[in-house]
Amino acid sequence: MTSTSQWVFGYGSLIYKVDFPYLESQPASICGWVRRFWQGSHDHRGLPEAPGRVVTLAPQADAVCHGMAYRVEEDVLAHLDFREKDGYQRVVTALQFADGHQQQGIVYIATEHNAAYLGDAPLSEIAAHIQRSAGPSGSNQDYLLRLAESLRQLAVYDEHVFELEALLLSETSQTVS
Ligand code: SIN
């Protein structure tokens with residue numbers, strides 16, 4: 001690895017919306033975190049007056065969060081910092097790769113100390129919130145459904161995401177019928 005490249009771990013839209021150049025990518029995981037739809041989005045999947053809900057990571061001992069790692073040139077981080085500016089901060093952590101090797105990398109995490117943080121709520125409320133929200137990057141439903149689909153493609157089971165997907169799809173089918 002050259003000294004100007006960095007590994008970045010994606011666990012949300014960074015898995016399926018790869019709008020940046022990368023040198024290589026690999027499925028990877030990080031320990032001690034769970035994926036949760038607890039972050040507000042004012043600039044992508046919601047609006048300042050009506051934020052949507054997107055994923056962040058919550059600390060949980062013994063948990064493993066699976067996603068996708070990208071090796072990027074250092075200057076790509078400016079683009080990612082801008083994209084993730086609504087409350088996310090860079091955290092350096094150990095990434096585990098499928099072949100067993102480990103590498104330090106960056107992950108964007110929005111903690112409860114940021115202004116856009118929404119936190120936990122009953123899953124039915126989170127699903128309803130996602131169903132009614134949309135922003136400049138598209139509908140909040142699209143964010144959830146694409147994330148669920150990409151996790152399936154990676155053979156990753158995420159109960160939180162898949163339960164929300166099921167709730168959303170059952171709500172949508174009731175609205176349509
Ligand atoms: C990520 O995908 O790693 C961060 C959260 C997001 O942009 O959806």
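**Strands and the ligand site**

Strand E1 and strand E3, the latter covering residues 52-73, run antiparallel and are joined by six bridges. The model described here is predicted. One place to see this pairing is Gly 10, whose bridge partner in E3 is Met 68.

E3 also pairs with E2, again in the antiparallel sense, and here the count is 15 bridges. In this pairing, Glu 24 stands opposite Arg 71 of E3. E2 spans residues 24-41, so-called by its order along the chain.

From E2 the path through the strands continues to E4, residues 89-97. These two strands run antiparallel and are joined by two bridges. Ala 28 has its bridge partner in E4, namely Phe 97.

E4 in turn is joined to strand E5, residues 102-109, by eight bridges, and these strands also run antiparallel. Within this pair, Leu 95 has Gln 103 of E5 as its bridge partner. E4 and E5 form a hairpin with four residues between the strands, and in this hairpin Gly 100 takes a positive phi near 100°.

The pairings can now be read in order: E1 is joined to E3, E3 pairs with E2, E2 is joined to E4, and E4 is joined to E5.

The ligand brings the reader back to E1. Which elements each supply at least two residues of the shell around the ligand? They are strand E1, residues 5-10, and helix H1, residues 13-16. The residues around the ligand include the run Phe 9, Gly 10, Tyr 11, Gly 12, Ser 13 and Leu 14. Gly 10, the partner of Met 68 in E3, is thus found again among the residues around the ligand. Further along the chain, Val 55, Glu 84, Tyr 88 and Tyr 143 are also around the ligand. Sorted by class, the shell has six nonpolar residues, three polar residues and one charged residue.

Backbone atoms come close to ligand oxygen atoms at several residues. A backbone N or O atom of Tyr 11 lies 3.0 Å from an oxygen atom of the ligand. For Gly 12, the distance from a backbone N or O atom to a ligand oxygen atom is 2.8 Å, and for Leu 14 the corresponding value is 2.9 Å. On its own the ligand has 250 Å² of accessible area, and the protein covers 97% of that. The space that the ligand takes is the largest pocket.

Note on methods: Residues are numbered from 1 along each chain as its sequence is written. This is a predicted model: local features need pLDDT of at least 70, side-chain atom pairs count only at pLDDT 80 or more; totals for chains, interfaces and linings use all residues. Side-chain values use heavy atoms; hydrogens and water are left out. Two strands pair if DSSP finds at least two bridges between them. A residue is near a molecule or strand if one of its heavy atoms lies within 4 Å of it. A polar contact is a pair of N or O atoms within 3.5 Å; within protein, one must be able to donate a hydrogen and the other to accept it, and residues adjacent in sequence count only if both atoms are side-chain atoms. Accessible areas come from the Shrake-Rupley method with a 1.4 Å probe; for residues, only the protein chains shown count as cover. On a 1 Å grid over the protein atoms alone, a cavity is a set of points where a 1.4 Å probe fits but cannot get out, and a pocket is an open set with protein on both sides within 12 Å along at least five of seven lines; lining residues have an atom within 4 Å of a point. A molecule sits in a cavity or pocket if more than half of its atoms lie within 2 Å of its grid points. Ala, Val, Leu, Ile, Met, Phe, Trp, Tyr, Cys and Pro count as nonpolar, Asp, Glu, Lys and Arg as charged, and the others, Gly among them, as polar.
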